[in-house]
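User: Can you walk me through this one? I'd like to start with the ligand and then look at the fold.

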Amino acid sequence: MSAGGPEAEQPPFALMGVVNVTPDSFSDGGRYLDHDAAVAHGLDLQDEGATILDVGGESTRPGAEPVPEDEELRRVVPVIERLHDERPSLAISIDTSKAAVARAALGAGCVLVNDVTALRGDPEMAEAVAASGAQLCLMHMLGEPRTMQENPRYDEVVSDVKAFLTERMDAAVAAGIPESRIILDPGIGFGKTLAHNLTLLRRLDEIVALGRPVLIGTSRKSFLGQLTGRDVGSRLPGTLATNVLAFERGAKIFRVHEVAPVLDALKVAAATVAP
Ligand code: HH2
């Protein structure tokens with residue numbers, strides 16, 4: 001297509017491809033535990049259109065057991081180093097709640113810390129992020145992965161998530177992380193029933209109104225299986241529907257396992273919504 005066509009413009013969204021260097025992630029556990037496989041997968045996701053890669057060495061699926069720090073470091077640091085070497089312009093994110101892992105990942109080339117505990121998991125995490133100049137994703141989770149799906153309850157889920165994210169953002173700013181570096185995420189599937197997830201997606205504009213870029217992670221999650229009856233490998237249509245609607249409601253960053261189809265869906269969505 002000629003210059004000035006859709007490709008010439010910056011898309012109003014970013015795709016974050018998931019690279020799980022784990023034996024037990026809920027949808028791709030064991031597939032990319034091998035470093036060569038993880039790096040090749042990350043490069044493929046970038047080729048498909050991801051501008052951010054989220055590298056993780058600890059599953060946060062419901063029921064997951066914590067991973068020791070040295071094991072998590074062994075899983076992720078060599079993968080980040082190699083991805084950064086091969087594609088220096090790629091934004092690499094580290095999905096961890098451990099400060100030591102974040103520090104090592106930042107040293108290896110990461111520019112974003114994706115902490116699903118929103119700085120509550122490790123008392124040194126805030127300082128590690130503040131000192132680095134990296135961006136930080138603060139995600140809402142009720143409880144901890146091992147037990148979070150055991151009867152989650154809220155007074156009112158959207159108000160509770162908003163209050164949590166506001167409080168965590170204040171804590172991050174107080175610890176020296178400028179607000180301009182913060183990304184917010186309502187944490188779909190993290191201590192939430194089907195109804196909670198759907199309410200958060202329906203009213204995502206209220207999270208967007210907090211004033212920071214919103215990241216959304218629905219890819220292949222179990223609430224899509226509850227709605228469609230599909231198993232984890234067949235939830236792409238549900239992933240597409242939720243990402244398109246989240247885009248329409250103001251989300252900016254889309255954390256997905258399959259980049260190419262989501263990119264197509266968001267390109268069409270972006271061309272369709274009013275500028
Ligand atoms: N979801 C998962 C992991 N990390 N981070 C953010 N910010 N938002 C999310 O929705 C999110 C996340 C779960 O997906 P996955 O990494 O594929 O699974 P696992 O945690 O089992 O490795």
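Analyst: Here come the ligand site and then the sheet. Keep in mind that this is a predicted model.

User: Which residues come nearest to the ligand?

Analyst: Ser25, Ser59, Asp185, Lys221 and His257. They belong to a set of 18 residues around the ligand.

User: What's the make-up of that shell by class?

Analyst: Six residues are nonpolar, seven are polar and five are charged.

User: OK, polar contacts. What does lysine 221 do with its side chain?

Analyst: An N or O atom of that side chain sits 2.6 Å from a ligand oxygen. Arginine 255 also has a side-chain N or O atom facing a ligand oxygen, at 2.8 Å.

User: And which ligand atom does asparagine 114 contact?

Analyst: A nitrogen. The distance from it to an N or O atom in the asparagine 114 side chain is 2.8 Å.

User: How much of the ligand's accessible area does the protein cover?

Analyst: 98% of it. On its own, the ligand has 480 Å² of accessible area.

User: Switching to the fold. What order do the strands take in the sheet?

Analyst: S6-S5-S4-S3-S2-S1-S8-S7. That is eight strands in an open sheet, with parallel pairing.

User: Why do S6 and S7 each have one side without a neighbour?

Analyst: Both stand at the edges. Strand S6 (182-185) and strand S7 (215-216) each have a single partner strand, so one side of each has no neighbour in the sheet.

User: Back inside the sheet, how many bridges join S4 and S5?

Analyst: Four, in the parallel sense. S4 covers residues 112-115 and S5 covers residues 135-139.

User: Which residue in S5 is the bridge partner of valine 113?

Analyst: Leucine 136.

How values were computed: Residues numbered from 1 in each chain as written. Predicted model: local features only at pLDDT ≥ 70, side-chain atom pairs only at ≥ 80, totals over all residues. Heavy atoms only, no water. Pairing = 2+ DSSP bridges. Helix = DSSP H or I, 4+ residues; strand = E, 2+ residues; numbered from the N terminus. Near = heavy atom within 4 Å. Polar contact = N/O pair within 3.5 Å; in protein donor to acceptor, adjacent residues only side chain to side chain. Areas by Shrake-Rupley, 256 points an atom, 1.4 Å probe, with all protein chains shown as cover. Nonpolar A, V, L, I, M, F, W, Y, C, P; charged D, E, K, R; others polar.
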